[in-house]
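Subject: Structure for you

Hello,

Here is the structure, with the sequence alongside. My notes follow underneath.

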Amino acid sequence: MDEKKKIIQKEETDITTKENSTVTDFEDLYEKASSSELKKSERESSRGEMSKKEISGKKEEKKEETESGKEAVTEIKKDISKKEESSKGEKKDLSEKKEAGEDKNKESDKKEESVRDEKKDADKKTESDKDEKKDSGKKEESDKDSVKKEESDKEDKKDSTEKKESGDDEKKQSHNKDAKENEKKDTSGEEKKTAVSSNAITQSKRIEEAKKAAEQKAMDNTKPKSKKTLWIVLGLAASLLIIVYFAGFIYFSGHFYQDAAINGVNVSGMNKDLAKQTLDNFYKDYVLTIETIDGNQITIDGKDISMQISLRDEFNACFKKQQAYLWFVNMFSPHEFEIGADAKWEDSALSDIFNEMKMLDKKVMVAPKDAYVGVEDGKFTIVKEVLGSTIDRDKFEAAVRDSLSSVMASLVMVEAGCYDLPDIYDTDEELKEELELKNEYAQGEVKLQLDDITLEPGMELYDEVLEKKNDSYEVSQKLVKKYVQSLAKKYNTLDSDRTFTTSFNDKTVKVHGSAFGYELNEEETEKVLYKALTSGKPSTVEVVFDSKGYTLNGENDIGDTYIEVNLSEQKVIAYKNGKKLAEGDCVSGKEAAGHGTCIGLYAIQDKLSPTVLRGEKKPVTKTVTKKKGKKKVKVQETTYEYEYESPVTFWMQFNGGIGLHDAAGWRSTYGGSIYYYSGSHGCVNLPYSLAETLYKNYDIGDPVVVYFWDNENRR
């Protein structure tokens, strides 16, 4: 810093010297002009012939010269004051740069010294001007004496008129001469001012050039010093780091880090005494907190098991484990310490607490499940494992006793190994590989068309039929067959019971569909499905049925178009597309003779109009008279005849020889209990109009539901 100041002072001295030389030039110029005029006036005053008027003119001329000199000095002062103001501005800029640490402070100091020197020179100039004024005054006094002498001479020559006239002429000539000389003085003053201004401009340029040279020199001088400053700063920083390191080392040799715990109790930033006090206070109201796998917490209060705790003094060992010499690294990590303690409790009380824990009841435990590659939303994915909640009671109780012995604040059951956990997690690499291989079939999605429904199983279908062989997965024919069997089990309805909601107060009954329903042809379906799965292309497979019901949509395969026969109420109700079409009484099979109408779910098998209903052919033995020769002989003859023959107009068969038909030829009354003693051979007899309506609106394949309310107690 001293060297910088010296450089600045030197440069300021140079600039001041240049400025002083400029001011000196101005003064010399002025002095030369003044001295030349003074010498000229002295020569003229020495002449004896000069008249009073001429002397007076000389006086005025000298005064003007003095004033001209003053004006020149004033101009110089103004120029100096301007330079002083500019130097003050530069000084202000330099002081600001000094505060910012810049080297331009040198120039500011130089400017200040330059201004001071200029002030001194100006003062000297002013004093010299005063001296010149004094000399001028003396000359004026001598001129006055000469004027007095001339006046006395004039008084002696008053009588001479010619002399007066000549004196007047001389006065006029002197006056004209004074005017001419004044004009010359004004011109010379202007020339002097121009010279001063020109010299001031030249001086300004010199100062500017000196300023630039000083700045360049300062920059050159500061380059090596900036490196030295950098080393000083680095040294200070290193010293500070060393001080901070040892301060941290000393502090953390007797204090715990900010994230430290002893036996699960937070002791962050504490020294030995405060940590011991904190632990002692904790153990007075000691509670063991147990965290389950689902995040719930269970507590065991030390008071409930009469627990007594005596803490050991092992704090210094904890400080050593803390490794204070690495405090700048270790302080940002959590630290768990354990201090031994002697703990006692009533084990019988602890056993009672175990027996009261609901989570140890096997009935509420959920078994764990391994992660696997499955299907979600129709796509292959890794299905996350299920942790479950199955607790190994022996491990749990042992972990609790260990925690109590160590006087731990908490026990995390998962970390302690108290649960039965899955063996395979969703991060398993083999699962990821399996997922990748199975996704190769994603482009060959197969749909299934089952009568009036379409199944879009997506990758669920492939998940059922893919089998691993070597390092890849292939469609297994065996698994395809198994899948088709599962379809048949789900969608086959033939020869199975249905739950049917009746038209009578929505009462439900069960009906067995031995002659109505769906039956899948498994063999044919297996062939077409396997072919589609191995093609690698998207396709739709038509599932093959040997028998079909009405629909696979809805509650059952009966649908909303059917004929309902209620044998208990002797009523027939017909529905078409969910709307009631017709309703009326009927007469069913004769129960007393064992010809009751069979219950169940059927379908219309045949329709005829008109036709003759005939019963079975049975052998009939009759005595007939036949001619034997010329004589007539009675003999026994057996023939096969229909049990009955009944002509009807509308016939709808639904169960072999049983059907719905009109009985207008032999019945006039329907409903009630007629069926029991005077019923049919099993058919459902209908009034003509009802039979006609059914015949015209129902086709072969439409379902017929026949039921009793209470078939088990049927008479």
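Start with two helices. The axes of α5 (residues 272–284) and α6 (residues 315–322) come within 11 Å and cross at roughly 120 degrees. Axes are lines fitted to C-alpha atoms, for helices over the stretch in contact, with angles from 0 to 180 degrees between N-to-C directions. Helices (H or I, at least four residues) and strands (E, at least two) are DSSP runs, numbered from the N terminus. On the α5 side, K272, A275, K276 and L279 make the contact (heavy atoms within 4.5 Å). On the α6 side, F315, N316 and F319 do so.

This is a predicted model: local features need pLDDT of at least 70, side-chain atom pairs count only at pLDDT 80 or more, and totals for chains, interfaces and linings use all residues. Numbering runs from 1 along each chain as its sequence is written, and side-chain values use heavy atoms, without hydrogens or water.

Next, helix α15 (residues 688–697). Its buried residues (under 20% relative accessible area, 1.4 Å probe, protein chains only) are L690, A691, L694 and Y695. Seen down the α15 axis, they fall within an arc of 130 degrees, so they line one face of the helix. That arc is taken from the directions from the helix axis to the C-beta atoms.

Y695 leads on to K607, in strand β24 (residues 606–608). A polar atom of the K607 side chain lies 2.7 Å from the backbone oxygen of Y695. The backbone oxygen of Y698 also lies 2.7 Å from a polar atom of that side chain. Beyond its neighbours within four places in sequence, K607 contacts W651, M652, Y695, Y698, D699 and I700.

Best wishes

Key
Buried means under 20% relative accessible area, exposed over 50%, partly exposed in between (1.4 Å probe, protein chains only). A polar contact is a pair of N or O atoms within 3.5 Å; within protein, one must be able to donate a hydrogen and the other to accept it, and residues adjacent in sequence count only if both atoms are side-chain atoms.
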